[in-house]
Amino acid sequence: MTKARIGISACLLGINVRYDGGNALNLYLREELGKLVEFVPVCPEAELGLGIPREKIRLTGNPQRPRVFTIHTKIDWTEKMEAWAAGRVISLKKENLRGFIFKSSSPSCGLEQVKVYDADEMFQETGAGIFARIFREHFPLLPVAEETNLLNQALREDFLRSIFAQPV
Ligand code: SF4
């Protein structure tokens with residue numbers, strides 16, 4: 001039987017792609033949901049070439065369309081990240097995804113509630129990570145969730161229902 005294909009932030013599967021060389025393994029996703037679906041892992045920061053390990057990045061400026069800088073060296077990765085994401089969503093079209101599970105709080109992958117700082121490096125508001133924003137613009141109808149949403153049984157059932165309701 002063909003399994004539904006779901007995109008996922010790679011670190012949630014236990015792949016060591018985080019800035020510190022570690023991961024953010026979510027056992028439920030990998031061991032339980034992984035029996036029912038086929039995951040398509042994506043790590044925007046590693047795929048862009050920021051390295052593993054790497055300096056942390058964060059969002060700055062307009063919360064609706066923030067820029068992204070390395071925290072200490074202040075390198076501006078905005079244009080490169082946006083261009084990479086625009087190309088990656090086109091390649092993901094061929095993967096026939098039924099949904100995407102994003103890592104919360106990440107300046108690349110977070111769907112919402114990601115910290116956005118002002119020019120004085122003070123926290124000002126929250127927004128979406130750059131890859132997550134561009135993914136949603138490109139796939140406005142695909143079900144999406146953060147791993148933290150899926151801890152809630154009702155939200156998890158909603159998400160799974162919307163995935164499995166689609167023809168594979
Ligand atoms: S949150 Fe996204 S960018 Fe960060 S390590 Fe995980 S997959 Fe990579």
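## A pair of residues to start from

Let's begin at one spot in the sheet: Val114 sits across from Gly127 of strand S7. This is a predicted model, and the pairing around these residues is a good way into it. Strand S6 covers residues 114-117 and strand S7 covers residues 123-127; the two run antiparallel and share 4 bridges.

S6 and S7 also make a hairpin, with 5 residues between the strands. Within that hairpin, Glu121 adopts a positive phi near 65 degrees.

## The four-stranded sheet

Stepping back, S6 and S7 belong to an open sheet of 4 strands, ordered S4-S3-S6-S7, in which the pairing is mixed. At the edges lie S4 (67-70) and S7, each of them pairing on one side only. From one strand to the next, the twist averages 50 degrees.

Where does the parallel part of the mixed pairing come from? Strand S3 (residues 57-60) and S6 pair in the parallel sense, over 2 bridges. Here Leu59 faces Val116 of S6, and Thr60 has Tyr117 as its bridge partner in S6. As a reminder, strands of a sheet pair through backbone hydrogen bonds, either parallel or antiparallel.

## The hairpin of S3 and S4

On its S4 side, S3 pairs in the antiparallel sense, with 4 bridges between S3 and S4. Thr60 turns up here again, standing opposite Arg67 in S4. So Thr60 is worth a look from both sides: its partner in S6 is Tyr117, while Arg67 is the residue across from it in S4.

S3 and S4 are joined as a hairpin that has 6 residues between the strands. In the turn, Gly61 shows a positive phi of about 100 degrees.

## Helix H3 and its two sides

Now for a helix. H3 takes in residues 78-93, and at 1.5 Å a residue its 16 residues should span 22 Å; the C-alpha atoms at its ends are 23 Å apart, in agreement with that expectation.

Which residues of H3 are buried? They are Met81, Trp84 and Ala85. Viewed down the helix axis, the buried residues of H3 fall within an arc of 105 degrees, so they line one face of the helix. On the other side of H3, the exposed residues are Glu79, Ala83, Ala86, Gly87, Ile90 and Lys93.

And what lies over the buried residues of H3? The cover includes helix H2 (44-48), strand S4 and helix H4 (130-138). S4 therefore has two roles in this picture, as it is among the elements covering H3 and is also an edge strand of the sheet.

## The chain as a whole

Taken together, the protein chain has 5 helices and 8 strands. Along the sequence they follow the pattern β-α-β-α-β-β-α-β-β-β-α-β-α. The radius of gyration is 16 Å, close to the 15 Å given by the globule rule for 168 residues, so the chain is as compact as a globular protein of that length.

Along its principal axes, the C-alpha trace spans about 50 × 30 × 30 Å. Of the 168 residues, 34% are buried. Among contacts with a separation of 6 or more, 59% are between residues 24 or more positions apart.

Conventions:
Residues numbered from 1 in each chain as written. Predicted model: local features only at pLDDT ≥ 70, side-chain atom pairs only at ≥ 80, totals over all residues. Pairing = 2+ DSSP bridges. Axes fitted to C-alpha atoms, helices over the stretch in contact; angles between N-to-C directions. Expected span 1.5 Å × (residues − 1). Buried ≥ 20, exposed ≤ 12 C-beta atoms within 10 Å, placed from the backbone. Arc of directions from axis to C-beta. Contact = placed C-beta atoms within 7 Å. Rg over C-alpha atoms; globule rule 2.2 N^0.38 Å.
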